[in-house]
Amino acid sequence: MPGTWWTRVFVIIATLTWGVWMLAPTFLGESTQAMLEAQAAAASSAAESSGAESDEQVVEGPWWASLLPEGRINLGLDLQGGIDMTLQVEVDEAVVSAVHRDVGPLKTLADEDGLKLKDARRERGEPVLLLQGGPEVTDNDIRQFMGKRFDTYEFIERRSIDGGDYLAFGLLPDQAKYVGDRAVEQALETLRSRIDETGVKEPSIVLKGGNRINVQLPGIENIEEAVAAIGTTAVLEFMLVDE
């Protein structure tokens, strides 16, 4: 039937036209908005050099620019190259560091509660606190203090270190998991912030199994600089200001 045949041809031509229209910004290499901004900047510069009033000048782009879509297709690594790396988050180190940070507050709170400790330290390489009581301080006093002030720890065992008896308290598994999850989240936030500073468009930052983060940076030119920026160790410093 002629009517049906022409309808099919019209649908095919319309579909192809729409596809070309949507892909036009990608073929041109920049969005229509960027083209208009570049033309506006060039016209403004020319107006300033000639002493014209730039505020009164109206900049118009080509007649077909307003007909094109504003966006373009983002090309992935397979089309424009870039960086594809997988980073490992040291969750165990984060947990150990969290336990180490509790040593200072523990000593302060023990003094406030009148608990005299001879020594308080973190076991080397383990998320474990070692507490040694002073004179007239019993093991039960230390365990009650820990249950009241640091309920995220549990008593493990007694340990003999350098000729002294210590009570060992380990971080609860749920708390250790929470600290590890927070470390991964902070690593993701830090990576996103640092990658945004590099100016890479449409990066992919995905959390994979085993506390690994996959980072894809399409179209990046200076690979060494990007790797250096991502891999820089963040340092937080507190400075005492004398007013």
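Here is a walk through this protein, from its overall make-up down to a single residue. Keep in mind that the model is predicted.

Let's start with the parts list: the chain folds into eight helices and seven strands. Of its 243 residues, 28% are buried. If you take the contacts with a separation of 6 or more, 58% of them join residues 24 or more positions apart. On the outside, the protein exposes about 16900 Å², and 53% of that comes from carbon and sulfur atoms.

Now step inside. The largest nonpolar core holds 34 residues, and Leu106, Phe145, Met146, Tyr153 and Val215 have the most contacts within it. Quite a few elements chip in with at least two residues each: strands 1 (82-88), 3 (128-133), 5 (164-171) and 7 (212-218), along with helices 4 (91-101), 5 (103-112), 6 (139-149) and 7 (173-198). Helix 7 gives the largest share, five residues.

Leu106 is a good place to pause. Leaving aside residues up to four places away in sequence, Leu106 touches Leu117, Ala120, Leu129, Leu131, Phe145, Met146 and Phe150. Apart from the largest core there's another one, made of five residues, including Val128, Ile161, Tyr166 and Ala168.

Last stop: Leu217, which sits in strand 7. Is Leu217 buried or exposed? Its relative accessible area is 1%, and the cut-off for buried is under 20%, so Leu217 counts as buried. Pro203 is 14 residues away from Leu217 along the chain, yet their C-alpha atoms are separated by 5.0 Å.

Key. Residues numbered from 1 in each chain as written. Predicted model: local features only at pLDDT ≥ 70, side-chain atom pairs only at ≥ 80, totals over all residues. Heavy atoms only, no water. Helix = DSSP H or I, 4+ residues; strand = E, 2+ residues; numbered from the N terminus. Buried < 20%, exposed > 50% of the residue type's maximum accessible area, 1.4 Å probe, protein only. Contact = heavy atoms within 4.5 Å. Areas by Shrake-Rupley, 256 points an atom, 1.4 Å probe, with all protein chains shown as cover. Core = buried A, V, L, I, M, F, W, Y, C linked by side-chain atoms within 4.5 Å.
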